[in-house]
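Please examine the fold shown here before reading the account of its parts. The discussion moves from the whole chain to individual residues.

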Amino acid sequence: MNQYDVKMLPDNNSWPREKSTRITLFADLRDSTDILLNFERRLYKKMDGQKESDYDYGEFIRDVHETSYRELYLGHINTFSEIYGDGFMGVFPEDNTKFILENIYRLSKRMRSYNDSLGANASRPKIDIGFGLTVGEVAFVYFPMDERFHPVGYCIHEAARIEAVSKLYDARILVSHRFFDYAEIEIKSNSRFSYRFIDRVVLKDFQEPLTLYEILVDNDPRFEVKQRSIPLYSEAYSKYLRKNWKEAREIFSTIHKEYGLGIGYVMAKRCDLLSASPPNYNWEGIWNLKQK
């Protein structure tokens, strides 16, 4: 079995059959379908000395794993990891918050180094990975079909949904309030990390509202830009909650135009929708997301 295969779980009592509180992480390569199509069109190349040779999708995925995901599934006690092609799922004990943040930090650093090494070279795709994290109850169930244990639980789907909307909000590491509550002390005590409030939502096919935050890391090229935008975003969101759609929209638009952050565009468009069709009097600012 090579390092890219699914890790086998031991068939013993170290994997609880009963539910236990776990941190769940999903990471996924963004724009993977477009990248694959470009490979099929032979748009990507690599340089081998002075000789140009074809660079295929398999080699790129190996770059993704070698450059990035390997930082997430290092051998660690009581940790489950599984690879889904160009995506990754990790299930960690609830006391692993610091370990997870450190691994994400290293992954982000390696990803940036890889992308910076390409420069303006359009002959190879850059690596762009989004993350979704939450906390909830997980049990491990044995599947006879593949003779492995697999994690099951509400939070598995929740983490996947959070990762899926991270790009919508122009966020790299998007987390639920449940994970943020675990990580807040570590984030605030470590200058390499910061955070920004994102939104209050109900994920598609879910019922319980979530508060979403983005965890910021100082090796992200837009770390300082996102930090500077926080006061303005807070002002806009406050007006949004008071149903002052026009002023909120103007500030959100400023965040998009002057800071180059996609969340400003998303929230400005939402203000347009709410202005055209105002919510009920008891509206609390919770938005029902329709995309996965």
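The paragraphs below describe the chain as a whole, then a helix, an aspartate, a strand residue and the cysteines.

The model under discussion is predicted, not experimental. Its protein chain contains eight helices and eleven strands. Of the 292 residues in the protein chain, 50% count as buried. The accessible surface of the protein chain amounts to about 14800 Å², and carbon and sulfur atoms contribute 49% of that area. Contacts also reach across the sequence: among those between residues at least 6 apart in the protein chain, 69% join residues at least 24 apart.

Helix α2 spans residues 57-67, and its buried residues are E59, F60, I61, V64, H65 and T67. The N-terminal end of α2 is capped by D56, which places a side-chain oxygen 3.2 Å from the backbone nitrogen of G58.

Two residues in the range of this helix, Y57 and I61, recur in the surroundings of D86, where both are touched by that aspartate. D86 itself belongs to the loop that connects β4 (80-84) with β5 (87-93). Which side chain of opposite charge is nearest to D86? That side chain is R30, 11 Å away; D86 is buried yet has no salt bridge. Such a bridge would require a side-chain nitrogen of Lys or Arg within 4 Å of a carboxyl oxygen of Asp or Glu. The side chain of D86 does make a polar contact, at 3.4 Å, with the side chain of Y57. Leaving aside residues up to four places away in sequence, D86 touches D28, L29, S32 and Y69 as well as Y57 and I61.

A second site is centred on F193, a residue of strand β9 (residues 193-202). Is F193 buried or exposed? F193 counts as buried because its relative accessibility is 6%, under the 20% limit for that class. Apart from residues up to four places away in sequence, F193 touches L101, Y105, I187, I215, L216, V217 and F223. One of these partners, L101, lies 92 residues from F193 along the chain, yet the C-alpha atoms of the two are separated by 8.9 Å.

The cysteines complete the description. How many disulfides does a search of the whole structure find? The search finds zero. C155 is buried, with a relative accessible area of 2%, and C271 also counts as buried, at 2% relative accessibility.

Key:
Residues numbered from 1 in each chain as written. Predicted model: local features only at pLDDT ≥ 70, side-chain atom pairs only at ≥ 80, totals over all residues. Heavy atoms only, no water. Helix = DSSP H or I, 4+ residues; strand = E, 2+ residues; numbered from the N terminus. Buried < 20%, exposed > 50% of the residue type's maximum accessible area, 1.4 Å probe, protein only. Lys, Arg positive; Asp, Glu negative; His and termini not counted. Polar contact = N/O pair within 3.5 Å; in protein donor to acceptor, adjacent residues only side chain to side chain. Contact = heavy atoms within 4.5 Å. Areas by Shrake-Rupley, 256 points an atom, 1.4 Å probe, with all protein chains shown as cover. Disulfide = S-S within 2.5 Å.
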